[in-house]
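Trainee: I have the coordinates open and want to learn how to read them. Can you walk me through it?

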Amino acid sequence: MSEPYGFLTNKGRQLEAAALANGTALNVAEIAWGTGARAITGGETSLENETGRAPVIASGIHPDNSSVAFFRHDFAAQDGPYIISEAGLFDAAGNMLAIVTYPVPMPKPLNFALTFDIMVAFSDLENLNINVLTPGSLVPEERRIDTGSGLVGGGDLSGNLNLSLDPGALQTMNDTEHLAMIAGA
């Protein structure tokens, strides 16, 4: 049985079009799930009955459909229990980008870990840059560490430090490498 595809909401289509027109990224932050059963219209701004929300931990291109991306959340064994009949994709500002409904609700029982993917169809995924904002990616580029008094450890902690990312040290992956990394995880 094939997984149902989610559809961009009106706001999601607007943000996708802006990202394509401006050459900027479409930022994705969270997956929400719930027990709603309404028909999708595109005008949704929230789930009908949201029962949980968590950061997206991974994304990629569907191996059999190049216009569909997947977005992933891993449920820990202690999460839930949940019955999932709807799911949504949100940006950091809380805008609902996409929604999917499941004709056959999916159970997430207690004491059972589960990888949860939602599939979303895009109009021009080949030219769209999707940026997944995982919790670690929300750290600002430069961070000040106030040493105060009483800190111990290696190095010179006698004064305040400014740390920043070296853009040259950041590694990028293509979709094939990303999918291979996820499959090996």
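Mentor: Let's begin with a contact list; contact means heavy atoms within 4.5 Å. Here His73 touches Ile31, Trp33, Ala54, Pro55, Ile57, Leu114, Thr115 and Phe116, leaving aside residues up to four places away in sequence. One caution: this is a predicted model, where local features need pLDDT of at least 70 and side-chain atom pairs count only at pLDDT 80 or more, while totals for chains, interfaces and linings use all residues. Residues are numbered from 1 along each chain as its sequence is written, and side-chain values use heavy atoms, with hydrogens and water left out.

Trainee: Is His73 buried or exposed?

Mentor: Buried means under 20% relative accessible area, exposed over 50%, and partly exposed in between, using a 1.4 Å probe and protein chains only. His73 has 9%, so it counts as buried. Its place is in strand β6, residues 68-75.

Trainee: What do strand labels rest on, and in what order do the strands form the sheet?

Mentor: Strands are DSSP runs of E, at least two residues, numbered from the N terminus. Two of them pair if DSSP finds at least two bridges between them. In this model, 8 strands form an open sheet with mixed pairing, in the order β4-β3-β7-β8-β1-β9-β6-β5. β4 (50-55) and β5 (58-61) stand at the edges with a single partner strand each, so one side of each has no neighbour in the sheet. For a pairing to look at, take β1 (residues 5-8) and β8 (residues 96-108): they run antiparallel, joined by 2 bridges, and Leu8 stands opposite Ala98 in β8.

Trainee: Which side chain of opposite charge is nearest to Lys108?

Mentor: For charges, Lys and Arg count as positive, Asp and Glu as negative, with His and the chain ends not counted. A salt bridge needs a side-chain nitrogen of Lys or Arg within 4 Å of a carboxyl oxygen of Asp or Glu. Lys108 is buried yet has none; the nearest candidate, Asp79, is 5.8 Å away. However, the Lys108 side chain reaches the backbone oxygen of Asp79 at 2.6 Å and that of Phe112 at 2.8 Å.

Trainee: Which backbone oddities should I check?

Mentor: Look at omega and phi. A cis peptide bond joins Gly80 and Pro81, with omega about 5°, and Pro81 sits in the loop between β6 and β7 (82-90). Asn111 has a positive phi of about 65° although it is not a glycine. Asn111 lies in the loop between β8 and β9 (114-121) and counts as exposed at 65% relative accessibility.

Technical notes: Helices (H or I, at least four residues) and strands (E, at least two) are DSSP runs, numbered from the N terminus. A polar contact is a pair of N or O atoms within 3.5 Å; within protein, one must be able to donate a hydrogen and the other to accept it, and residues adjacent in sequence count only if both atoms are side-chain atoms.
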